[in-house]
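Dear colleague,

Please find below the sequence and the structure that I am handing over to you. My findings follow underneath.

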Amino acid sequence: MKKNKMLVIVFLFTLLLSHLFTVSVESASRYDAVLARWTKKEEYKDDMGGRFNVNVTLYTAEYIESLMQSEAEKNLWTASELEDYKYNFLRGLNMDDNIAIHVEFEELGATAHMAPFNEMAYLWIGSNKYAPVDYDQRFNLPLMGKRDGMLYFPRYNEKTGEPLLKRDTTLRLVFNGAISPVLGNREIRFTWDVKAENAEGAMSGTAADRLEVDRLLRRMEKLAAEKADLQSQLDAKNKEIDSIAARIEELQKK
């Protein structure tokens, strides 16, 4: 009898392990599929045997949500723990204000000189071209071997606060051909078609709401400062108008 119970326990334990392994493999497979959708790679060679490789990943709502769920499954997080992690992760990426792209370079030829890096990369959002608003400063250093870091572009119109990403938007990331001697001045281009569900980039849940509040508070502070500046200008104009009117009245009395 005890032997039969032990066999049953061993069987159930084996079944549980098999189920967990299957779930883990399926989860990893889903994550890999999303990763492949938003990660792109280009490899270049020159006649001297030099090579220059570039990997880029566009952080979209789908990519980040998949990454978060993968981490939650591995760490057995609660829903609250997941939202806290997601909020801190997105804040670290500056996703509430910017379009975030992870870039990895590998120079296997003559040393690459990528400075000033903000002039070596730009992003087409639809038909409009934008320079980086921030990037990993290590990209300005001479490169031999591998280096990776983040590259940021604006997500909102600086003047109006309107989102630059519309419901269906084509993004085209371009690197100047002078970024590596291997390229021979050939531009590097990566294109993504961003659909409505990925356009906002903030996803859903309390983490997204907290990020939106953060962004709106910063926007409000900026508008308040602009309002104060305009009010100061208006006060100066009104003072000048009153001075002119007083002078006209004085002259008319003579």
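Which residues does Leu173 touch, not counting residues up to four places away in sequence? The model is a predicted one, and in it Leu173 is in contact with Val56, Ile101, Tyr122, Leu123 and Leu151, as well as with Phe153, Ile188, Arg189, Phe190 and Trp192.

Leu173 is also a good place to begin with the interior. The largest nonpolar core has 49 residues, and those that touch the most other members are Phe105, Phe117, Leu173, Phe175 and Trp192. Strand S3, which spans residues 98-112, supplies the largest share of this core, with 6 residues. As general background, nonpolar side chains in soluble globular proteins tend to be buried together.

Overall composition

The protein chain has 254 residues, 35% of which are buried. Its secondary structure consists of 5 helices and 9 strands. Read from the N terminus, the order of these elements is α-β-β-α-α-β-β-β-β-β-β-β-α-α. When contacts between residues at least 6 apart in sequence are considered, 70% of them join residues at least 24 apart. The accessible surface of the chain is about 15,900 Å², and carbon and sulfur atoms account for 56% of that area.

The open sheet

Four of the strands deserve a separate description. In the order S5-S4-S8-S9, 4 strands make up an open sheet with antiparallel pairing. Strand S5 (128-130) and strand S9 (188-194) each have a single partner strand and stand at the edges, so one side of each has no neighbour in the sheet. From one strand to the next, the twist averages 20°. The antiparallel pairing of strand S4 (residues 121-125) with S5 runs over 3 bridges. Across this pair, Ile125 is found opposite Asn128 in S5.

Salt bridges

The structure contains 8 salt bridges, and I describe three examples here.

One of them joins Glu65 and Lys86, whose closest N and O atoms are 3.3 Å apart. Because Glu65 belongs to helix H2 (residues 61-75) and Lys86 to helix H3 (residues 79-93), this pair ties together parts that are 21 residues apart in sequence. Is each partner buried or exposed? Glu65 has a relative accessible area of 22% and is therefore partly exposed, whereas Lys86, with a relative accessible area of 2%, is buried.

Another salt bridge connects the side chains of Glu71 and Lys74, with an N to O distance of 3.0 Å. Both residues lie in helix H2; they are 3 residues apart, so about one helical turn separates them. Glu71 counts as buried at 19% relative accessibility, just as the cut-off of under 20% requires. Lys74, by contrast, has a relative accessibility of 60% and counts as exposed.

A further salt bridge brings together the side chains of Glu187 and Arg189, at 2.9 Å from N to O. Glu187 is partly exposed, with a relative accessibility of 33%. In addition, salt bridges with shared partners link Glu65, Glu83 and Lys86 into one network. Arg189, the partner of Glu187, also appears among the residues that Leu173 touches.

With kind regards

Key:
Residues are numbered from 1 along each chain as its sequence is written. This is a predicted model: local features need pLDDT of at least 70, side-chain atom pairs count only at pLDDT 80 or more; totals for chains, interfaces and linings use all residues. Side-chain values use heavy atoms; hydrogens and water are left out. A nonpolar core is a set of buried Ala, Val, Leu, Ile, Met, Phe, Trp, Tyr and Cys residues joined through side-chain atoms within 4.5 Å. Buried means under 20% relative accessible area, exposed over 50%, partly exposed in between (1.4 Å probe, protein chains only). Helices (H or I, at least four residues) and strands (E, at least two) are DSSP runs, numbered from the N terminus. Contact means heavy atoms within 4.5 Å. Accessible areas come from the Shrake-Rupley method with a 1.4 Å probe; for residues, only the protein chains shown count as cover. A salt bridge is a side-chain nitrogen of Lys or Arg within 4 Å of a carboxyl oxygen of Asp or Glu. Two strands pair if DSSP finds at least two bridges between them. Axes are lines fitted to C-alpha atoms, for helices over the stretch in contact, and angles run from 0 to 180 degrees between N-to-C directions.
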